[in-house]
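Dear colleague,

I am passing on the structure we spoke about, and below it you will find an account of what turned up in it. Please read the notes with the model open beside you.

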Amino acid sequence: MASWETLLAFATVTLVIAYFPGPALLYTAAQTIAHGRKAGLMAMLGIHLGCYAHVVAAAFGLSAVFKHVPELYLAVKIVGALYLVWLGIGMIRSRLGGGELQAVAPAKTVKRALVDSFIVEVLNPKVALFFIALLPQFVDPAAALPVWAQFLILGTIVNFAFSSADLITVLAASLVMRTMKASRAGFALGRWLGGSLMIGLGLKLATDKG
């Protein structure tokens, strides 16, 4: 695996991204608000399971393709860097509207929450781009552990970090929903911090050699 310093940076970035108010948190909050805590928990589980599709795809697909087609690796790296920069700018410029929570709840029943959330996550191309952009920065091709195994480990860490944030969101939404939109100062601070880190990662990815 990568060095401890790199892994610490990875953990820091992962937690900042996971706990920044984004689509997944809004989605699980919306499921909870619309159908209660059970639906929110099922939505969280569906997103968690769906995310493994992207982790496995990154682990077994990208590593093989990048090994034999370095031009494709470079192209994807540039795309990933641009995506990270674009996401960072979007974070900085984003606003949390009062009507967003109700607008993103497609599930109609508690039983459908798991399936609906799994499908939504699997079919979300931004998640795939996110893993393509983030994980290669922390994979060490020279390590004894295979590249695909490093992808699986790092991807699983990211997935559990995201799910922990989703869980907290479900619990908070079921108890104190209105407070989620009250602190504009805290949201602005997180927006600038998360956006700046994402832009920095994008620039680092674009300028790294290899």
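I begin with a single residue, Asn-159, which is buried, because its relative accessible area is 2% and the cut-off for buried is under 20%. Asn-159 belongs to helix α8, and, once its neighbours within four places in sequence are set aside, Asn-159 is in contact with His-48, Cys-51 and Tyr-52.

Before going further, please keep in mind that this is a predicted model. The average pLDDT of the protein is 75, and 69% of the residues score at least 70. Confidence is highest in helix α8 (residues 147-176), with a mean of 88, and lowest in helix α5 (residues 100-103), with a mean of 42. The pLDDT is below 50 over residues 96-108, although this stretch has 28 contacts in the model beyond near neighbours in sequence. Where pLDDT is low, the predicted coordinates should not be read in detail.

As for the overall make-up, the secondary structure of the protein consists of nine helices and zero strands. Of its 210 residues, 39% count as buried, and among the contacts with a separation of 6 or more, 84% are between residues 24 or more positions apart.

Helix α1 (residues 4-19) is a convenient place to check the geometry: at 1.5 Å a residue its 16 residues should span 22 Å, and its end C-alpha atoms are 22 Å apart, which agrees. The buried residues of α1 are Phe-10, Val-13, Thr-14, Ile-17 and Ala-18. Seen down the axis of α1, these buried residues fall within an arc of 125 degrees, so they line one face of the helix. Trp-4, Glu-5 and Leu-8, on the other side of α1, are exposed.

The same check can be made on helix α6 (residues 110-122), whose 13 residues should span 18 Å at 1.5 Å a residue and whose end C-alpha atoms are 19 Å apart, which agrees. In α6 the buried residues are Ala-113, Asp-116, Ser-117 and Glu-121.

Turning to the interior, the largest nonpolar core has 18 residues, and those with the most contacts inside it are Phe-10, Phe-130, Phe-131, Leu-134, Leu-135 and Val-158. At least two residues of this core come from each of α1, α3 (37-68), α7 (125-134) and α8. Phe-130 is buried, because its relative accessible area of 7% is under the 20% cut-off. Leaving aside its neighbours within four places in sequence, Phe-130 is in contact with Ile-17, Tyr-83, Val-158 and Phe-162.

How many aromatic pairs does a search of the whole structure find? The search finds four, and I describe two of them here. One is formed by Phe-60 and Trp-148, whose ring centres are 5.4 Å apart and whose planes are at 25 degrees, so the pair is stacked, the limit for that being under 30 degrees. Because Phe-60 lies in helix α3 and Trp-148 in helix α8, this pair ties together parts that are 88 residues apart in sequence. Both residues are partly exposed, Phe-60 with a relative accessible area of 49% and Trp-148 with one of 39%.

Phe-130 and Phe-162 make up another aromatic pair, which is tilted, with 5.7 Å from centre to centre and 35 degrees between the planes. Since Phe-130 lies in helix α7 and Phe-162 in helix α8, the pair ties together parts that are 32 residues apart in sequence. Whereas Phe-130 is buried, Phe-162 is partly exposed, with a relative accessible area of 24%. Together with Phe-131, these two residues form one aromatic cluster.

One last residue may be worth finding on your screen, namely Leu-197, which lies in helix α9 (residues 184-207). Leu-197 is partly exposed, with a relative accessible area of 31%. Although Leu-197 and Val-16 are 181 residues apart in sequence, they are 8.6 Å apart in space, C-alpha to C-alpha.

With best wishes

Note on methods. Residues are numbered from 1 along each chain as its sequence is written. This is a predicted model: local features need pLDDT of at least 70, side-chain atom pairs count only at pLDDT 80 or more; totals for chains, interfaces and linings use all residues. Side-chain values use heavy atoms; hydrogens and water are left out. Helices (H or I, at least four residues) and strands (E, at least two) are DSSP runs, numbered from the N terminus. The expected span of a helix is 1.5 Å times one less than its number of residues. Buried means under 20% relative accessible area, exposed over 50%, partly exposed in between (1.4 Å probe, protein chains only). The arc is that of the directions from the helix axis to the C-beta atoms. pLDDT is the predictor's confidence in each residue, from 0 to 100. Contact means heavy atoms within 4.5 Å. A nonpolar core is a set of buried Ala, Val, Leu, Ile, Met, Phe, Trp, Tyr and Cys residues joined through side-chain atoms within 4.5 Å. Rings of Phe, Tyr and Trp (its six-membered ring) pair if their centres lie within 6.5 Å; planes under 30 degrees apart count as stacked, over 60 as edge-to-face and the rest as tilted.
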